[in-house]
Amino acid sequence: MSDRTAGSRAALRAATGFSCLLLFAVPVRLTAGDAAPERDPLAGWTYVQVSASHVQVFGMTFARVDGDAWPDILSGPYWYRSPGGDLTGAWTQHPLPQVEGDDPDALLAVDVDGDANFDVIAMSGTAGRVYWLERNAGTGVWTSLRIGDVGVSNHGISSQGYRLVDLEAGGRPEIVINVDPCYYFRIPADPAAGNWPRVEAVAAAYTGDEEIAFGDIDRDGRIDLVTTNGDTGEVRWLKNPGNGSGNWAPHLVATLPDIVFHDRLEVADFNRDGRLDIVVSEETGSASGAETWWLRQPADPTSPNWPATLVVSQGSTNSMRVADVDRDGDADIVTAEHYGSLEVIVWNNDGAGVFTPQLVDDAGHESHFGVRPFDLDRDGDPDLVSPAWNAPQFLHLWRNDTVASPGFLLFADGFETGGLFTWSSAVP
């Protein structure tokens, strides 16, 4: 264990007051006129095992597949029906349809054809093909249509960089899939015709095939792209030209030469100065030394040396997300480990970019491309979901047992809408 790792763990223990902690609490449902009880808004989490028969995939999204009130989980070739209520009942596993003889990996949920029902964007990892999956609400029968190709990632099992983002003004959101290079698809007026228009936004020279993130970095009203290059340690943002063309202009943000490989990436305003900052976590494949950094945007976003602050050094951090976990109006960071102590931690932001660790779980639940925030129990705060990799049969859920604000139903979907740490009042 490195000195920095030991130090961060000591800080964590001091902050939480526990050496081994998985907190359980009964959620409180408030009604109008009730007074909120005095309690730590990050004090309670309940672990739920969604599946012990999952598979090794990157894709995950959320939608009300069966049309009831409770959001379901879609991941890899399956969808998991929510038990509703406190989420501790059985999450029933259902298969998605095979596509051209291959299992799909469910990436995104979006209403493709404007019928007010959700659709799934999925990818065939072995062939690099992208599909639109639609479920008939009455019969439960799925149909599929190939919308285009992006090529095979170096893992051969779908993409680690996918987002649903409004890149071109005046239309539906675009579907972004990064396999190095980074492409996006426009949803056409007649999506059933297939062969959706595809744009190569970023050439392979400026992006690896890991995570991507989006935000209006230069505040010109257009959503820009943020990428990393694990081979060089570079973090870059690429300016959206706003006219639907490709080859977006790159700007170097910083070089983090000690990082073995950038893995996860998010964008948010961490210090409330009106500028979007960047957070990057590291994949080391080892039990320690994986660093998570936040990069503060200077007055000039084209400056190549954004100030970098170390959040934590821990086990390989292949899971990282941003959400307002405690609902105090600022962006918190959530990390989970792929190796090491396998801890899940919320890094509570004080609003100025100073992060205090709050332990969620140290019971040894491995995470990979997870801790996705989404309000699955509809109580007004984001729950967390993670697939595993070394033990791919497991799909994990941590129910957030914080006190909901009366009169509000919130669903966290910032990981699909560009990493802007946004909230919506509806779920597909």
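User: What makes both faces of strand S24 count as covered?

Analyst: On one side of S24 stand Val 344, Val 346 and Asn 348, on the other Ile 345, Trp 347 and Asn 349, and all of these are buried. Buried means under 20% relative accessible area, exposed means over 50%, and partly exposed lies in between, with a 1.4 Å probe and protein chains only. In a regular strand the side chains alternate between the two faces of the sheet. Six of the six residues of S24 (residues 344–349) are buried, so the strand is largely enclosed by the rest of the structure.

User: On what basis are residues numbered and values accepted?

Analyst: This is a predicted model, in which local features need pLDDT of at least 70 and side-chain atom pairs count only at pLDDT 80 or more, whereas totals for chains, interfaces and linings use all residues. Residues are numbered from 1 along each chain as its sequence is written, and side-chain values use heavy atoms, with hydrogens and water left out.

User: How do you know that S24 pairs with S23 and with S25?

Analyst: Strands are DSSP runs of E with at least two residues, numbered from the N terminus, and two strands pair if DSSP finds at least two bridges between them. S23 (residues 332–336) is joined to S24 by four bridges, and S24 to S25 by six bridges; both counts therefore satisfy the criterion of at least two. Each of these pairings is antiparallel. Thr 335 stands opposite Ile 345 in S24, while the bridge partner of Val 346 is Gln 358 in S25. The hairpin of S24 and S25 has five residues between the strands, and Gly 351 takes a positive phi near 95° there.

User: Why is Val 322 called buried and Arg 378 partly exposed?

Analyst: The relative accessibility of Val 322 is 7%, so this residue counts as buried. Arg 378 has 26% and therefore counts as partly exposed. Val 322 lies in strand S22 (residues 319–323). Val 322 and Glu 266 are 6.7 Å apart in space, C-alpha to C-alpha, although 56 residues apart in sequence.

User: What makes the phi values of Arg 378 and Arg 272 notable entries?

Analyst: Each is positive in a residue that is not a glycine: near 60° for Arg 378 and about 55° for Arg 272. Arg 378 is placed in the loop between S26 and strand S27 (383–387), and Arg 272 in the loop between strand S18 (262–268) and strand S19 (277–282).

User: Why are S18 and S21 called edge strands?

Analyst: S18 and S21 (308–314) each have a single partner strand, so one side of each is left without a neighbour in the sheet. The sheet is open, has the order S18-S19-S20-S21 and pairs antiparallel. Within it, S19 and S20 (residues 290–295) pair over four bridges, with Ser 281 bridging to Thr 292 in S20.

User: What makes S11 and S12 an antiparallel pair, and what joins Asp 180 to Pro 181?

Analyst: S11 (residues 174–178) and S12 (residues 182–185) pair in the antiparallel sense over four bridges, and Ile 177 stands opposite Tyr 183 in S12. Both strands belong to an open sheet in the order S10-S11-S12-S13. Pro 181 is found in the loop between S11 and S12, and a cis peptide bond with omega of about 20° joins Asp 180 to Pro 181.

User: Why is the aromatic pair of Phe 58 and Phe 369 called edge-to-face?

Analyst: Rings of Phe, Tyr and Trp (its six-membered ring) pair if their centres lie within 6.5 Å; planes under 30 degrees apart count as stacked, over 60 as edge-to-face and the rest as tilted. Phe 58 and Phe 369 are 6.2 Å apart centre to centre, with 85° between the planes, so both criteria are met. Phe 58 lies in the loop between strand S1 (45–51) and strand S2 (60–63) and Phe 369 in the loop between strand S25 (355–361) and strand S26 (372–374), so the pair ties together parts that are 311 residues apart in sequence. Both residues are buried. Phe 58, Tyr 162, Phe 369 and Trp 389 form one aromatic cluster, and the whole structure holds 12 aromatic pairs.
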